[in-house]
Amino acid sequence: FSTVLFQSSSTTTSLIVGMVSSGSLTIAGSIPMIMGANIGTTVTNTIVSIGHINKGTEFKRAFAASTVHDFFNILAVIIIFPIEIFFHPLQKTSEWFALQLFGRIENIEVLQAKSPIKVAVKAGAEFIQKFTFDNDIIYLILSVTITFLMLYSIVKLLKSLVLKKIEGFFDQYIFNTAIWAMVFGVIITIMVQSSSITTSLVVPLAGAGVLTLRQLFPFTLGANIGTTVTALLAAITGTVSALVAAFSHLLFNIFGILIIYGVPPLRKIPLTLAENIADVAVSKKYVPILYLLTIFVIIPFCIIYFGR
């Protein structure tokens, strides 16, 4: 739920790591939160796909490309979460790695990694804030409006300027194998420190037919791994506990890929679910909105409220 509000799992996991480093959150408590951040980060690319909603087949491809990431992360949590609760493999493995690589680090100052994109966004946010007269409601309305305008502009810009020019390049060099697509996803996400941005940029490519759903699937998995680097950087000067939390995020994504993508029957589940919901969404335009509200707002809010 926090990641949906922040639109960045990197921000959420960095905060979690900082809380673990300061002792205000236990490692066992941080791991489920990190799993939730993985699900929440996919909301942005799903919003981007809705920019194609009146374009039939194009919307079908874009919506399937965005929701395949959702379904993979949800399936990974369904499989790994109960195992972690009862046997703690992520915590134990992360503790071993952290102790082997870094030993005990006493300094609890948390290093916040600087992304050039986030620096630019912060400067823009401060500029917009000047026109809100210190009114939080006006600031929120302006922020949401600008966010949707920018996401819509990304779709339009990519479609009009570069899609046809880069189709051959992508097919030949980047998305010709699953491994290359995954590595590319890791590298781009490390550079921008946001899996939301990485995956959102390729959704229009899927909508335009430049990339297929099966080409994009491993790319989004690479983005999942790349986004863990921010938390690792945030933990690098923290306590061993912070490193354990950061490592658990990395290992969760690696284990999820090995378990789901590495087993063909399980690999088909996110692809099939994404294709099926995209088929329904083409004819029933309310489905994408209902899907967004249900998966990213209603379900987590109800669990938070009724699970207290």
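**Entry 1: burial and surface**

I began with burial in the protein chain: 45% of its 308 residues count as buried. I note here that the model is predicted. Next I looked up the exposed surface, which comes to about 15300 Å². Carbon and sulfur atoms supply 72% of that surface.

**Entry 2: secondary structure and contacts**

I checked the helices and strands. The protein chain has 16 helices and zero strands. Then I turned to contacts with a separation of 6 or more. Residues 24 or more positions apart account for 79% of them.

**Entry 3: α12 against α14**

I picked helix α12, residues 213-226, and looked at its packing on α14, residues 240-261. The two axes are 9 Å apart, and the angle is about 160 degrees. Angles over 145 degrees count as roughly antiparallel, so α12 is roughly antiparallel to α14.

Which residues meet there? From α12 I listed Phe217, Pro218, Leu221, Asn224 and Ile225. From α14 I listed Leu250, Asn253, Ile254, Ile257 and Tyr261. I sorted this contact by residue type: eight nonpolar, two polar and no charged.

**Entry 4: α12 against α15**

I then followed α12 to helix α15, which spans residues 264-283. Their axes come within 11 Å and cross at roughly 120 degrees. That angle makes α12 oblique to α15. I also looked up the hand of the crossing, and it is right-handed.

On the α12 side, the residues in this contact are Leu213, Arg214 and Phe217. They meet Arg267, Pro270, Leu271 and Glu275 of α15. The split here is four nonpolar, no polar and three charged. I noted Phe217 in the α14 contact and again in the α15 contact.

**Entry 5: Thr220**

I stayed in helix α12 and looked up Thr220. Is Thr220 buried or exposed? Its relative accessibility is 3%. The cut-off for buried is under 20%, so Thr220 counts as buried.

I left aside the neighbours of Thr220 within four places in sequence. Beyond those, Thr220 is in contact with His69 and Thr199. I also took a C-alpha distance from Thr220 to Ser195, and it is 8.0 Å. These two are 25 residues apart in sequence.

**Entry 6: Leu201**

I moved to helix α11, residues 195-207, where Leu201 lies. Leu201 has a relative accessible area of 35%, so I logged it as partly exposed. Its C-alpha atom is separated by 7.9 Å from that of Asn45. Along the chain, Leu201 and Asn45 are 156 residues apart.

**Entry 7: Pro32**

I looked up Pro32 next. Pro32 lies in helix α3, residues 27-40. At a relative accessible area of 29%, Pro32 is partly exposed. I paired Pro32 with Ile85, 53 residues away along the chain. The separation of their C-alpha atoms is 8.8 Å.

**Entry 8: His88**

Last, I looked at a loop. Where is His88 found? His88 is found in the loop between α5 (57-87) and α6 (89-102). I checked the backbone of His88, and phi is near 55 degrees. I marked this as a positive value in a residue other than glycine. Most residues other than glycine have a negative phi. I also looked up the accessibility of His88: at 30% relative accessibility, His88 counts as partly exposed.

Definitions and conventions:
Residues numbered from 1 in each chain as written. Predicted model: local features only at pLDDT ≥ 70, side-chain atom pairs only at ≥ 80, totals over all residues. Heavy atoms only, no water. Axes fitted to C-alpha atoms, helices over the stretch in contact; angles between N-to-C directions. Helix = DSSP H or I, 4+ residues; strand = E, 2+ residues; numbered from the N terminus. Parallel < 35°, antiparallel > 145°, perpendicular 65-115°, else oblique. Left-handed = near helix turned anticlockwise from the far one by under 90°. Contact = heavy atoms within 4.5 Å. Nonpolar A, V, L, I, M, F, W, Y, C, P; charged D, E, K, R; others polar. Buried < 20%, exposed > 50% of the residue type's maximum accessible area, 1.4 Å probe, protein only. Areas by Shrake-Rupley, 256 points an atom, 1.4 Å probe, with all protein chains shown as cover.
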